[in-house]
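Below are some notes for a colleague opening this entry for the first time. Please keep the sequence and the 3D view at hand while reading the numbered points.

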Amino acid sequence: MTPIHVQLADRLGQLPPYLFAELDRLKQEVVARGVDVISLGIGDPDLPTPPHIIEALCRAARDPANHQYPSYEGMLRFRRAVADWYAARGTGIKLDPATEVVSLIGSKEGIGHLPWAFVNPGEAVLCPTPGYPVYEAGTLFAHGEVVEILLREEDRFLIDYSKIPQGILERARVLFLNYPCNPTATCAPKSFYEETIEVAQAFDIIVCHDAAYSEIYYDDQRPLSFLDLPGAKEVGVEFHSLSKTYNMTGWRLGWVAGNREVVAGLGKIKTNIDSGVFQAVQEAGITALSGDQSCVADLRATYQRRRDVALAGLKRIGLEPVTPEAAFYVWIHCPEGGTAAEFAARVLQEAGVVITPGIGFGSGGEGYVRMTLTVDEARLEEAIERIGKVM
Ligand SMILES: *Cc1c(COP(=O)(O)O)cnc(C)c1O
């Protein structure tokens, strides 16, 4: 029988071109040569989930009450654990677990679906670049218009609202923000969030703050988060996740919290397409959020050592890293001449080290590469030494 003619929907054609095909091919080639490739490409923690969280999952998995469909919005006890976790930050934020928190199948899921709830075809969504590609993909799937907002190093990778034309602010329905930022590893000060809230109020823009890295920070400088500010709940929500804080990327558990109408709108999309998070995973999430937080302090100490090693090493070999304030990335200037993709290709081919060309995070990433800190110090040292030899 001849196969039917499969035609992809136009929305898939609108996605930006996949830029890493050539790098993927090169990697296969380098691996086939027998090179011991060091992968500093993907933002996925190398360390395991803390044992007490795994125990909680195992216990909950044996309970038949957890084998049925969960509620789409998440167990009330999980949502209460989220509200309590915010309260423990001591910034005065109060969330009603019943109406201001919904569980997510990882925060990527909620971020990707949010534009479906609030963006009509042709309406604008402000997406920072360099930034997490899901903001743009979710917008395109909802047939919204992606408006890329350039984050400049001279602005400390913050949005300069005065540079956004008034007409665009008027058309914007949603603004995505992400601090600590992937890929720049920089944070936002209180004054930036205050300005964001003012702009959102003036133009009726829903602020969606992606706070995936809020607990991974350096030099004891805990970053403020959008929801920590008075007035944040009036204009938006925060996406958060257990993925990075507790090394739980594979578990798929996150949440959206804040403005109840926004939480409810996203919840309405979700009721129609998914059935929530496995309750045993939520039980493990409750244990993670409400249990002893020393595992998070240990994780920060580990990344701090790695960051210090990487920062010193990169400078020693003549590269110019942006000093990471948080998250487990180093955002590095490419050496003069050539594109980020060319530099990443050379590092892969000649040093056997995978790094990500900045252009993968949108046009604002050209001129930079991103290195992850998800290998141990010895491996990081080796990677940097090898890169040094090909510079
Ligand atoms: C890792 C990451 C997330 C979290 O994704 P999950 O779906 O919760 O695992 C969200 N935003 C950014 C910018 C990330 O890097």
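1. Helix α11 covers residues 279-290, 12 residues in total. From its first C-alpha to its last the helix reaches 16 Å, close to the 16 Å expected at 1.5 Å a residue. Please note that this is a predicted model.

2. Is α11 largely enclosed or largely open? Of its 12 residues, 10 are buried, so α11 is largely enclosed by the rest of the structure. The buried residues are Gln279, Ala280, Val281, Gln282, Glu283, Ala284, Gly285, Ile286, Ala288 and Leu289. They pack against two helices, α3 (51-61) and α4 (76-87), and against the strand β8 (254-258).

3. Helix α5 (residues 107-118) also has 12 residues. Its reach from first to last C-alpha is 17 Å, close to the expected 16 Å. Nine of the 12 residues are buried, so α5 is largely enclosed by the rest of the structure. Among the buried residues of α5 are Gly110, Ile111, Gly112, His113 and Leu114; Pro115 belongs to the buried set as well.

4. Pro115 is also one of the residues touched by Ala142, along with Trp116, Val119 and Pro121. Ala142 is found in the loop between α6 (134-141) and β4 (145-150). With a relative accessibility of 9%, Ala142 counts as buried, because the cut-off for buried is under 20%. Ala142 and Gly122 are 20 residues apart in sequence, and their C-alpha atoms are 9.1 Å apart in space.

5. Turning to the ligand, which residues are closest? The shell around the ligand has 13 residues, and the closest are Asp210, Ser241, Ser243, Lys244 and Arg252. By type, the shell divides into three nonpolar, six polar and four charged residues.

6. Three distances describe how side chains meet the ligand. A polar side-chain atom of Asp210 is 2.6 Å from a ligand nitrogen atom. For Tyr213, a polar side-chain atom lies 2.7 Å from a ligand oxygen atom, and for Lys244 the distance from a polar side-chain atom to a ligand oxygen atom is 3.3 Å. The ligand taken alone exposes 390 Å², and the protein buries 94% of that.

7. Ser214 lies in the loop between β6 (206-210) and α9 (232-235). Its relative accessible area is 2%, and Ser214 is buried. Which side chains does Ser214 join through polar contacts? One such contact, of 2.5 Å, links the side chain of Ser214 to that of Glu215; another, of 2.8 Å, links it to the side chain of His240. Leaving aside residues up to four places away in sequence, Ser214 touches Trp85, Arg89, Pro180, Pro223 and His240.

8. Pro180, one of those contacts of Ser214, follows a cis peptide bond from Tyr179, with omega near -10 degrees. Pro180 is found in the loop between β5 (172-178) and α8 (190-203). Pro183 is likewise placed between β5 and α8, and the peptide bond joining Asn182 and Pro183 is cis, with omega about 20 degrees.

9. Two residues have a positive phi although neither is a glycine. Asp219, with phi of about 55 degrees, lies in the loop between β6 and α9. Asp219 counts as partly exposed, at 44% relative accessibility. Asn247, with phi of about 50 degrees, has its place in the loop between β7 (236-241) and β8. Asn247 is buried, with a relative accessible area of 10%.

Note on methods:
Residues are numbered from 1 along each chain as its sequence is written. This is a predicted model: local features need pLDDT of at least 70, side-chain atom pairs count only at pLDDT 80 or more; totals for chains, interfaces and linings use all residues. Side-chain values use heavy atoms; hydrogens and water are left out. A residue is near a molecule or strand if one of its heavy atoms lies within 4 Å of it. A polar contact is a pair of N or O atoms within 3.5 Å; within protein, one must be able to donate a hydrogen and the other to accept it, and residues adjacent in sequence count only if both atoms are side-chain atoms. Accessible areas come from the Shrake-Rupley method with a 1.4 Å probe; for residues, only the protein chains shown count as cover. Ala, Val, Leu, Ile, Met, Phe, Trp, Tyr, Cys and Pro count as nonpolar, Asp, Glu, Lys and Arg as charged, and the others, Gly among them, as polar. Helices (H or I, at least four residues) and strands (E, at least two) are DSSP runs, numbered from the N terminus. The expected span of a helix is 1.5 Å times one less than its number of residues. Buried means under 20% relative accessible area, exposed over 50%, partly exposed in between (1.4 Å probe, protein chains only). Contact means heavy atoms within 4.5 Å.
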